[in-house]
Amino acid sequence: MANQETEAFKVQVLFILAHLPSGDVISYGELAKQAGNTRYARLVARILKHLPGDTTIPWHRVINSKQRISFNEGSDAYLRQKSRLEDEGWEVSGQRLIQKEAH
């Protein structure tokens, strides 16, 4: 992917993610698909990895295709993502997400 294409893809990824409703999650592959290229799930991960620590982009809503957090369980990144997802109503068992029932 050429530099200009990569930048356009990045803009699309961040736009889609910025507009993902609170409480929703999306897989890396689905985000890549919606941004225009189904084969770039790993590029989505790299884009998110390079976001600044104080970003308002909801990176924590991106999970893998198995409905799991991709970070190693217990790592700082895992704990940050787990906490943010729980704040949005998700239950996390190990690395797996389980939607809480609405009351």
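**Exercise 1. Which element gives the most to the lining of the largest pocket?**

Solution. Keep in mind that this is a predicted model.

- Start with the space itself: the largest pocket holds about 360 Å³.
- Next, find the elements that put two or more residues into its lining; these are helix H3 (41–49) and H4.
- Now pick the top contributor: H4, with 4 residues, gives the most.

**Exercise 2. Describe the lining of the largest pocket by residue and by character.**

Solution.

- Count first: 16 residues line the largest pocket.
- Then look to the centre, where Leu48, Lys49, Trp59, Phe71 and Arg80 lie nearest.
- Finally, sort the lining by character: you get 9 nonpolar, 4 polar and 3 charged residues.

**Exercise 3. Work out whether Gln81 is buried or exposed, and list what it touches.**

Solution.

- Place the residue: Gln81 sits in helix H4, which covers residues 76–87.
- Check its accessibility: the relative value is 1%, and buried means under 20%, so Gln81 counts as buried.
- List the partners, skipping neighbours within four places in sequence: Gln81 is in contact with Trp59, His60, Val62, Ile63, Ile69 and Phe71.
- Link back to Exercise 2: Trp59 and Phe71 are among the lining residues nearest the centre of the largest pocket, and both are also contacts of Gln81.

**Exercise 4. Classify how H1 and H3 cross, then say what kinds of residue make up their contact.**

Solution.

- Get the geometry: the axes of helix H1 (residues 3–18) and H3 come within 10 Å, crossing at roughly 75 degrees.
- Apply the cut-off: angles of 65 to 115 degrees count as roughly perpendicular, so H1 is roughly perpendicular to H3.
- Name the residues: on the H1 side you have Thr6, Phe9, Lys10, Val13, Leu14 and Leu17, and they meet Leu43, Val44, Ile47 and Leu48 in H3.
- Sort them: the contact divides into 8 nonpolar, 1 polar and 1 charged.
- Spot the overlap: Leu48 takes part in this contact, and Leu48 also turns up among the residues nearest the centre of the largest pocket.

**Exercise 5. Locate Ile16, decide whether it is buried or exposed, and find its partners.**

Solution.

- Location: Ile16 belongs to helix H1.
- Burial: with 15% relative accessibility against a limit of under 20%, Ile16 counts as buried.
- Partners: leaving out neighbours within four places in sequence, Ile16 is in contact with Leu31, Gln34 and Ala35.
- Distance check: Ile57 is 41 residues from Ile16 along the chain, and their C-alpha atoms are separated by 9.9 Å.

Conventions
Residues numbered from 1 in each chain as written. Predicted model: local features only at pLDDT ≥ 70, side-chain atom pairs only at ≥ 80, totals over all residues. Heavy atoms only, no water. Buried < 20%, exposed > 50% of the residue type's maximum accessible area, 1.4 Å probe, protein only. Contact = heavy atoms within 4.5 Å. 1 Å grid on protein atoms, 1.4 Å probe; cavity = no way out; pocket = protein on both sides within 12 Å on 5 of 7 lines; lining within 4 Å. Points joined across faces, edges and corners; volume = space filled by probe spheres on them. Nonpolar A, V, L, I, M, F, W, Y, C, P; charged D, E, K, R; others polar. Axes fitted to C-alpha atoms, helices over the stretch in contact; angles between N-to-C directions. Parallel < 35°, antiparallel > 145°, perpendicular 65-115°, else oblique.
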